[in-house]
Amino acid sequence: MKKGFIATLALALVLALTGCGNGEPDQDEKSEGVMTYAEYEAAALDTQVVIEAYVQAKQSWWENQATVYAQDKEGAYFLYNMACSEEDYAKLTPGTKIKVTGYKTEWSGEVEIIDATFEILEGNYVASALDVTSLLGTDDLIAHQNKFVSFKGMTVEDAGNGSAFMYNWDGSGEEGSDLYFNVSLNGNTYTFTVESYLCGADTEVYQAVKALEIGQTVDMEGFLYWYNGVNPHITSVTVK
Amino acid sequence: MKKNNRKLRPRLLPLLTLLAALLTLSGCHGSRGMEAFRIPEDFDTSRDYEITFWAKNDTNKTQTDIYKKAISDFHELYPNITVNLRLYTDYGRIYNDVITNISTGTTPNVCITYPDHIATYLTGVNIVVPLEELFADPRYGLGGSELRFEGPAQAEIIPQFLEECAFNEHYYAIPYMRSTEACYVNRTYVEALGFTLPEVLTWDFVWEVAEAATARDGDGTYLVNGQKVMIPFIYKSTDNMMIQMLEQKGAGYSTAQGEIQIFNDTTRELLYTVAEHAKTGAFSTFKISSYPANFLNAGQCIFAIDSTAGATWMGTHAPLSDISEEALVEFETEVYPIPQFDPDTPRMISQGPSVCVFNKPDHQEVLASWLFAQYLLTNEVQIAYAETEGYVPVTSMAQNSARYQDYLSRSGQDNDTYYDIKIRASQLLLTHVEDTFVTPVFNGSASLRDAAGQMIESVTKSVNRKETIDSAYMDKLYENVTSMYRLQATMQATSDKKDLGPLPPMAAALLAGLGITWLLIGAYVAHGAAKNRKKRQNHH
């Protein structure tokens with residue numbers, strides 16, 4: 001009786017986990033001809049790649065080209081200037097599943113897919129932020145490039161102008177420009193960015209960063225972008 | 001983490017369609033247009049004016065500070081004129097925003113821009129103010145008697161730079177700063193490879209050295225730098241690359257009338273050469289790999305071609321840098337003009353921001369805008385801005401001033417204001433003004449420029465993707481680029497302008513009929529006027 005109960009429970013668990021219980025296909029399973037994240041990761045630069053992933057954030061749309069952060073349960077993708085009509089861009093809400101065909105490339109350390117086309121598929125997944133605070137300054141961090149991540153308990157430092165942030169990297173910008181700010185952990189300082197196309201002046205995070213004060217402790221979330229080193233594009237800031 | 005501004009790489013041509021559509025829809029500013037600007041007899045100083053100035057900076061705080069100071073100093077001279085600054089770091093975005101604002105009549109008053117872009121703005125009627133009458137106005141014109149500052153006379157603007165702002169038989173802008181491109185060379189590596197830098201850099205020399213630099217050991221490490229990365233030759237602006245190569249070859253690009261000539265055999269030959277060196281890894285571009293300066297300074301590039309206005313990023317001791325201290329490599333930097341096909345007749349592009357004034361219903365406001373635009377040509381502004389990068393002032397008044405000459409003479413005194421690479425880049429242009437050229441400006445020239453660069457980008461990308469570059473590929477490339485940048489419309493428009501031979505007899509007869517009708521109308525009106533004069537005389 002006990003054995004039977006355990007077997008039944010195990011079967012139910014397996015069915016629940018695989019999604020077979022309701023007769024629907026497993027939305028995490030890659031379609032025919034689509035790479036797993038591991039295969040994408042192993043693909044050489046300048047080769048054609050076909051991936052399926054879920055939109056996590058839209059950065060910009062311009063002249064029928066969209067720049068998008070996407071992720072599946074194994075890894076993340078930066079889709080740069082992907083062919084996209086304005087109508088389709090509106091459909092790319094967080095969680096939307098897409099199949100993307102393009103070329104894998106690297107620009108200043110950022111591995112991305114360019115010259116891509118896409119189609120919208122059935123399925124939805126929004127990633128929770130992965131805490132990578134402990135990986136800052138380590139070689140392991142890059143393995144999470146482009147993922148939605150969080151940083152916890154960091155200290156706001158002088159941005160270089162006596163203030164907690166600067167417009168553009170050198171203070172040459174104005175309201176609406178990218179915001180640059182420094183945060184430290186264990187004596188090491190890192191430069192984070194509010195990318196103005198991803199999060200413009202009317203967003204909460206933009207205003208929150210402008211309100212930061214040197215010495216405050218903050219938790220942050222954002223996308224692990226790369227530009228000659230880690231350069232997270234922050235999407236939320238919480239002052240502790 | 002700093003100057004990563006690739007986020008906007010607009011393709012400009014489709015905007016032409018947008019502009020045309022907007023102008024068509026907005027009859028107010030499109031078909032009839034605003035009243036043409038007339039210079040007011042006097043500048044009305046009893047009124048207050050608020051004008052907007054859209055300015056471009058190179059993501060450089062000193063430059064934005066100079067704009068702000070210029071505005072403040074100008075306000076002291078003209079307390080009734082308030083200038084509101086809006087900053088951009090990208091010409092393409094200014095262009096986009098201007099076009100969007102033309103249809104709503106909310107263009108800025110003064111705007112930093114390229115002549116190519118102005119040619120598109122001119123699709124609307126009386127949108128941009130022609131400046132020649134303002135230049136010549138004895139009171140408010142260049143060097144005018146009523147100016148509250150010492151500005152240059154027209155003759156003191158470097159003629160080549162001023163001519164770049166003349167098209168459609170008018171001056172539609174004044175030059176603000178000028179630059180050209182420079183080849184920043186890692187001399188240390190060139191010599192380590194056994195080569196000696198020539199007096200004039202040639203394309204053959206650059207390709208030869210670049211190929212030599214691709215040699216690797218069995219481990220994949222490049223012999224010249226001991227690193228895993230080496231792109232010997234990186235070009236920032238591939239549109240300039242193609243344009244200058246064609247100019248040096250004497251091959252077609254476009255005519256002043258807008259006839260597109262770029263799809264020729266020389267272009268094909270040049271693209272095959274690019275493909276050959278992309279295939280070995282000797283060549284890449286900014287769009288494909290990243291900023292040339294980053295690779296140069298990390299010892300991963302030998303020939304980095306970028307604007308002279310990017311000189312402060314070049315070299316081991318560059319005051320601006322995007323890479324970490326640990327990644328910097330010590331080497332000796334040389335500053336050369338771009339490579340040449342014929343060393344005896346060097347040709348290089350002249351580029352840099354110009355300033356245009358937009359028309360407004362209030363002509364006093366336009367005059368206030370012109371005064372501010374002109375103020376940007378004073379020595380104070382010209383010299384300060386030129387010192388921020390490898391720019392040169394656009395007036396002989398500034399170039400010959402003691403202050404500017406002193407600045408040039410201090411080359412290398414520090415790695416900031418007197419950074420030697422920056423000053424050598426400026427001197428490069430100063431000594432080669434006669435060798436500079438500009439491309440013809442017409443409605444569609446901005447798109448043709450983009451197309452020129454796109455062909456190099458496409459070929460390089462295709463090689464990287466192991467595609468076959470052959471005649472069929474080139475045919476397809478020409479077709480794709482023509483379509484992508486809608487050059488067919490420009491080609492058709494030009495073709496329509498060509499001599500179509502004698503008029504058909506029917507058309508000639510119709511035109512003759514029209515002429516006769518107008519003559520008869522004229523005679524009738526004159527007859528009536530004569531009768532009226534007689535009546536008035538009789539009345540008195």
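**Exercise 1. Find the order of the strands in the open sheet that holds β14 of chain B, and its edges.**

Step 1. Five strands of chain B make up this open sheet, ordered β2-β1-β3-β14-β6, with mixed pairing. Strands are DSSP runs of E with at least two residues, helices are runs of H or I with at least four residues, and both are numbered from the N terminus. Two strands pair if DSSP finds at least two bridges between them.

Step 2. Look at the edges. β2 (81–88) and β6 (174–175) of chain B each have a single partner strand, so one side of each is left without a neighbour in the sheet.

Step 3. Check one pair. Two bridges link β1 (residues 49–56) and β3 (residues 110–113) of chain B in the parallel sense. Here F53(B) stands opposite V110(B) in β3(B).

Step 4. Add the helices. α3(B) lies across β1 and β2 of chain B, at about 170° to β2(B). Helix α4 (residues 91–102) of chain B lies across β1, β2 and β3 of chain B, at about 135° to β3(B). Axes are lines fitted to C-alpha atoms, for helices over the stretch in contact, and angles run from 0 to 180 degrees between N-to-C directions.

A note on the model: it is predicted, local features need pLDDT of at least 70, side-chain atom pairs count only at pLDDT 80 or more, and totals for chains, interfaces and linings use all residues. Residues are numbered from 1 along each chain as its sequence is written, while chains are lettered from A and ligands numbered from 1 in the order in which they are written.

**Exercise 2. Describe the open sheet of chain B that holds β8, and place F303(B) in it.**

Step 1. The order is β10-β9-β11-β8-β12 (chain B), five strands in an open sheet with mixed pairing.

Step 2. β10 (283–285) and β12 (333–337) of chain B are the edges; each has a single partner strand, so one side of each has no neighbour in the sheet. On average, neighbouring strands are turned by 25° against each other, direction ignored.

Step 3. β8 (residues 181–186) and β11 (residues 303–307) of chain B run antiparallel, joined by five bridges. F303(B) in β11(B) stands opposite V185(B).

Step 4. List the contacts of F303(B) beyond its neighbours within four places in sequence: C183(B), V185(B), V206(B), A210(B), P232(B) and F233(B). Contact means that C-beta atoms, placed from the backbone, lie within 7 Å.

Step 5. α17(B) lies across β8 and β12 of chain B, at about 15° to β12(B).

**Exercise 3. Show how the two domains of chain B meet.**

Step 1. Domain 1 covers 13–175 + 353–390 and domain 2 covers 181–350 + 439–494. These bounds come from an automatic or database domain assignment.

Step 2. Their C-alpha centres lie 33 Å apart in chain B. Domain 1 of chain B gives 16 residues to the contact, and domain 2 of chain B gives 17 residues.

Step 3. On the domain 1 side, α1 (13–25), α5 (115–121) and α7 (159–163) of chain B give two or more residues. α5(B) gives the most, five residues.

**Exercise 4. Decide which residues of helix α14 (residues 379–386) of chain B are buried, and name their packing partners.**

Step 1. A residue is buried if 20 or more other C-beta atoms, placed from the backbone, lie within 10 Å of its own, exposed if 12 or fewer, and partly exposed in between.

Step 2. Six of the eight residues of α14(B) are buried: N379(B), V381(B), Q382(B), A384(B), Y385(B) and A386(B).

Step 3. They pack against elements of chain B including α3 (61–77), α13 and α17 (420–431).

Key
Two residues are in contact if their C-beta atoms, placed from the backbone, lie within 7 Å.
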